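Let's take a walk through a protein together. Keep the picture open beside you and follow along as we go.

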Amino acid sequence: MELLKEEGFLIDWVKDGQECFDKLEESDDGYYDLILMDIQMPILNGYDTTAKIRQMENPKKATTPIVAMTANSFDEDIEMTQKAGMNGFIAKPLDAEKMFTILKQSIVEN
């Protein structure tokens, strides 16, 4: 989070997938530019949370860019994030430069 703040990102942090969905649902349109989604979360994992977001009635919220963040970086893990509707993939441990490139690209493309 500190790396993101130092780069100028404003951050909301949530403890699980359901809270992520709820925050997005309660927010104004366009409030969130991007969701950095951990795959391993309690209540709703990253895949299920993404699926739920992609099914939202509000098209602006349903298409919010979502970038996966996970220690699982096998080809099948990357493929699963794409199938879930995520826009990008960041493997742990983090490469800060690569992370910022992916995040900024995902925001610009949206």
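Read along the sequence, which pattern does the protein follow? The pattern is α-α-β-α-α-β-α-β-α, made up of 6 helices and 3 strands. Here helices (H or I, at least four residues) and strands (E, at least two) are DSSP runs, numbered from the N terminus.

Before we go further, a word on what you are looking at. This is a predicted model, in which local features need pLDDT of at least 70 and side-chain atom pairs count only at pLDDT 80 or more, while totals for chains, interfaces and linings use all residues. Residues are numbered from 1 along each chain as its sequence is written, and side-chain values use heavy atoms, with hydrogens and water left out.

Let's begin with the whole protein. Its C-alpha atoms fill a box of roughly 35 × 30 × 25 Å along the principal axes. For 110 residues, a compact globule would have a radius of gyration near 13 Å, and the protein agrees with this because its own value is 13 Å. That radius is taken over C-alpha atoms, and the globule rule is 2.2 Å times the number of residues to the power 0.38. Of the 110 residues, 38% count as buried, a word that means under 20% relative accessible area (exposed is over 50%, partly exposed is in between; 1.4 Å probe, protein chains only). Contacts tell us about the fold too: among those between residues at least 6 apart in sequence, 59% join residues at least 24 apart. Contact means heavy atoms within 4.5 Å.

Now find the strands. Strand β1 (residues 35–38) pairs with β2 in the parallel sense over 4 bridges, and Met37 has Ala68 as its bridge partner in β2. On to strand β3 (residues 88–91): β2 and β3 also run parallel, joined by 4 bridges. Two strands pair if DSSP finds at least two bridges between them.

How many of the residues of β2 are buried? The count is 5 of the 5, so β2 is largely enclosed by the rest of the structure. In a regular strand the side chains alternate between the two faces of the sheet. In β2, Ile66, Ala68 and Thr70 point one way, Val67 and Met69 point the other way, and all are buried.

Pause at Thr70, which is found in strand β2 (residues 66–70). Thr70 has a relative accessible area of 4%, so this residue is buried. Across from Thr70, in β3, stands Ala91. Leaving out residues up to four places away in sequence, Thr70 touches Ile39, Phe89, Ile90, Ala91 and Lys92.

Next, turn to the helices. Gly46 lies in helix α3 (residues 46–54). Is Gly46 buried or exposed? Gly46 is buried, because its relative accessible area is 0%. Beyond residues up to four places away in sequence, Gly46 touches Met37, Asp38, Ile39, Met41 and Met86. Lys61 sits 15 residues from Gly46 along the chain, and their C-alpha atoms are separated by 16 Å.

Our last stop is Ser106, in helix α6 (residues 96–109). Ser106 counts as buried because its relative accessibility is 6%. Setting aside neighbours within four places in sequence, Ser106 is in contact with Leu34, Pro65, Val67 and Asn87. Among these contacts is Val67, one of the β2 residues we met earlier.
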